[in-house]
Every structure is written in C-alpha cells, then in structure tokens.
Amino acid sequence: MINFDGLLSERVRSIKPSATLATSAKAKRMLAQGIDVVNLSVGEPDFDTPEYIKYAAIKALCDGWTKYTEEAGLLEVRKAICKKLREENGLSYEPENIVISCGAKHAIFNAFQALLNPGDKILIPAPCWVSYPDMARLCGAEPVLIHTTEENGFLPDPAQIADAIANGAKVLLINSPCNPTGSVWEPDLLKEVAKLVERHDDIVVITDEIYEKFVYDGAVHVSIASFSERAKERIVVINGLSKTFAMTGWRLGYAAASKPIAQAMAKVQGQSASHPTAFVQMAAITALSAPQDFVQKMIAEYDARRRRIVSLLNEIPGVRCSMPKGAFYAFANFSGVLGRSYDGVEINNSIELADFLLERAHVATVAGEPFGAEGYLRLSYAISIERIEEGVRRIKEALTG
Ligand SMILES: Cc1ncc(COP(=O)(O)O)c(C=O)c1O
C-alpha cells in the first residue's frame, strides 16, 4: 500500500477542502438519491444568467473568440471593467491595472501568491469566508484572525486593526458585504482604515467586493480604495460577475491594483491558468455595460427573502438571528439549542448540528465553526421563499419535536 501522505506536498496537506463546497456536494448527492433536501447551504444565486448575456457568449463563440488572450485578459474587457469601476465605484484605473481571472476566488489567489511570503501575516476579520485562511496557508503565510462579535455588528474596531498592523502584518483583507455574516462596513469605518493604510507604507489591503450589489435597509457599498489616492496604491480591489449577474459557473472575476501588483498577479496567472475563457470574457462586456434591471429585480427578491428567513429563524426557541445588511446569508446563533439531545442524538457544536439537520431534517446549512464562529449556522437565502419557509419549518420541528 503506497503512503500518499509522503507524496503529497506539505502545502496541500496543511489545508482543508472547502467546507461550504463539501456541504453543498453532500446535499447534492442526497438530492440525486431522490431525497427532498432543502438546500440552504448554497453560495450562488438561484436565478439563471440573463438571456442577453448568454447570447453575447454564443455570439462571441461564433465570432471566433476561441483562442488564447493576453494573460491579464482582453484589452476591450479590461476597458469595460475600468468604465464600471469609474462609474459605479468612483475608482479611476487604466487597463494596465486590471487582471481578469477565472472568478474572484482566482483573483484573490493570484493576489495572495503575488504578495505573501512564507511567514507573512495576513489579517482577516472573522467570521470570514472559509477560503481566505487556507489560500493564505498555501502561500506559507499565517492567517491572523481579527475577532468580531454579533454585538458589534460583526465589524472590527479600527484599534484592533491598528494593533495587528503594529504587530507586523503585511496584508489586511476586507470583505464587505461579508460572507458569512452579511455585515457591511460603513463609510466612516472604511475611511478610518484607509487613513491607517496611508500611515503604514508596508501594508497592502485586499478588498473583496463580490457582494457589492447585495445591500439592504439603506446600507451602501463603498470601496475603501475610493477614500485616498495614496492608500489606493496599496489596495487590491477584487470583484467579479458570479453573484451580481448569476454567473457562478462562468468563472469570471477581476482585480484592480497598482501596476507593479497587477503585473505580478498577471505573471502568476500566466504561469497557471493563463487567462479566463475568451468568449466568457467577451460576454462580460455585455454583462457590465447593459442596463441592470435584472440585478435590481434580483436584489428586491433577496430583500424579501432576507426578512422572511430572519423572522422565521427568530421564532425557533433558542435561536437568535440579527438582520444582515448585505450579501445573501442569514448568520444565526444556535448556541441556545446546543448541549442537548434531539431524537436520541446529542448535539454539542455547530458541525454536529449541521450534520443532524441534514441527516434528520433534510435541510442543508453550513456550520459556523469553519468560518470561525462556533455556535452559528449560515443559511443562504439564495433559494425561493417557499423553500426557505419549508427549510426553517423542518429545522424548527427537528429542534422542538
Ligand atoms: C466572499 C467571497 N469571495 C469570493 C467568492 C468567489 O467568487 P467567484 O465565484 O467569483 O470565484 C465567494 C463565493 O462564494 C465569496 O463568498
């Protein structure tokens, strides 16, 4: 019997498979077996990509956009991204600042590879998206979590960030609106952090703005790069088409950064994926420049679902869920139901709870533990209101009998 542990790199053995993708895969396997699972674990819109974007891809394919492109992506597409960043985010960039990748996740990976040395510290406010710490570990870097609490709206105190910077961090990661908490960093907080960045020439910020359109209750999304031209030199803005245009499977994301960082990221990409699919890049021009009525309709629908899921969750004894201001996840505190037995099964933590709910109630959720928030579950509302109601009804029944 070969010992593969000895063959696999230490790098890969230091990371875990994505917890969210693992839960979704298990739910999909159960669905394939004919089990009626309500899948509240998904991280993607349930809407289909708008037809006009699909037709743009078909046309690009027929027009012969089937060859290699520049490693940073096609110039026309980078121009369209610059226009979007200027008009929607008030950020001025040239095409040489843009690197188009196979999804925002890939753009973040390129940024980490371009910036992080073994032993470097990267600050990540937690609870955080499960991929950041493991992507950092793949570079040999050390993720340093900045803990935030529900009482503070899952937002960090600038003093925590200042302390961590003083302790020698190289990169600060910002994810607003946030997966999993739905928190949205207010402009004042971002302005304060931008000032901190201005004062520390040795820190780089990576700002993941993939959920920028998903804000509710008057919350606004602002990019930290818009506050200071000096800080912007060391800010990498990450975004993509997956969530805004319901294009998760197309794999199209991008980064905007100062030229040396963008060039370094393009070099990483040039030696790995090369570039995203040519005709998908061409369709991105249509997605970014066409009127966004579809997006507005989608957001209105998410808003209604958000209110419904939060109100239903709060009706379950022992469960508390505050109203998220952004993204499409409810991040609910289930600690009041832990430490007890249900149907003969003792449940002591969020992983056991998520397993129990999937096995017994046929509802897929994601445990808070991998996000750095034991006692919580993340429930996606990127699913119809009827299924949300059915899912939460089943959870309530499983926990109250
Ligand atoms: C915070 C965050 N960033 C990035 C991504 C990845 O997006 P993409 O599909 O563009 O790779 C996700 C997907 O779930 C996410 O939640």
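How many nonpolar, polar and charged residues does the lining of the largest cavity have? In this predicted model, the split comes out at 11 nonpolar, 4 polar and no charged residues. The space itself has a volume of about 90 Å³, and 15 residues line it. Sitting nearest the centre of this cavity are P125, P127, N175, C178 and W185. Two strands stand out here: β3 (121–126) and β5 (169–175) each put at least two residues into the lining, with β3 giving the largest share at 3 residues.

That cavity has company, since the count comes to 3 cavities of 30 Å³ or more. The second largest cavity holds about 60 Å³ of space. Its lining divides into 4 nonpolar, 4 polar and 4 charged residues. On the list are K84, E88, E212, K213, N239, G240, L241, T244, F245, Y254, L288 and Q292. As for where these come from, α5 (75–89) and β7 (235–240) each supply at least two of the lining residues.

Zooming out, the protein is divided into two parts: domain 1, made of 4–48 + 294–400, and domain 2, covering 65–289. The centres of the two domains, taken over C-alpha atoms, are 25 Å apart. Where they touch, domain 1 brings 39 residues to the contact and domain 2 brings 32. Put together, domain 1 and domain 2 bury about 2900 Å² between them, and 60% of that is on carbon and sulfur atoms. Over on the domain 1 side, K325, A327 and F371 lose the most area to domain 2, and the trio accounts for 21% of what that side buries. Charged pairs turn up at this interface too, with 3 salt bridges found across it.

Both domains also have a hand in the second largest pocket, as its lining draws at least three residues from each of domain 1 and domain 2. About 560 Å³ of space lies in this pocket. Three helices give two or more residues to its lining, namely α3 (19–32), α6 (104–115) and α7 (131–138). Of the elements involved, α3 gives the most, with 4 residues. In total, 27 residues line the pocket, and those nearest its centre are L21, G43, K105, W129 and K243. What about the make-up of this lining? The second largest pocket has 9 nonpolar, 11 polar and 7 charged residues around it. Charged residues are thus part of the pocket's lining, whereas the largest cavity has none in its own.

Back to charged pairs, this time over the whole structure. Side chains of opposite charge can pair when their charged atoms come close. A search of the full model finds 27 salt bridges. One pairing joins the side chains of R230 and D201, at 3.1 Å from N to O. R230 belongs to helix α10 (residues 229–232), while D201 is in the loop between α9 (187–199) and β6 (204–208), so this salt bridge ties together parts that are 29 residues apart in sequence. Another salt bridge is formed by the side chains of E150 and R320, again with an N to O distance of 3.1 Å.

Methods. Residues are numbered from 1 along each chain as its sequence is written. This is a predicted model: local features need pLDDT of at least 70, side-chain atom pairs count only at pLDDT 80 or more; totals for chains, interfaces and linings use all residues. Side-chain values use heavy atoms; hydrogens and water are left out. On a 1 Å grid over the protein atoms alone, a cavity is a set of points where a 1.4 Å probe fits but cannot get out, and a pocket is an open set with protein on both sides within 12 Å along at least five of seven lines; lining residues have an atom within 4 Å of a point. Grid points are joined across faces, edges and corners, and a volume is the space filled by probe spheres set on the points. Ala, Val, Leu, Ile, Met, Phe, Trp, Tyr, Cys and Pro count as nonpolar, Asp, Glu, Lys and Arg as charged, and the others, Gly among them, as polar. Domain bounds come from an automatic or database domain assignment. Contact means heavy atoms within 4.5 Å. Buried area is the accessible area (1.4 Å probe) that two parts lose on being put together, summed over both. A salt bridge is a side-chain nitrogen of Lys or Arg within 4 Å of a carboxyl oxygen of Asp or Glu.
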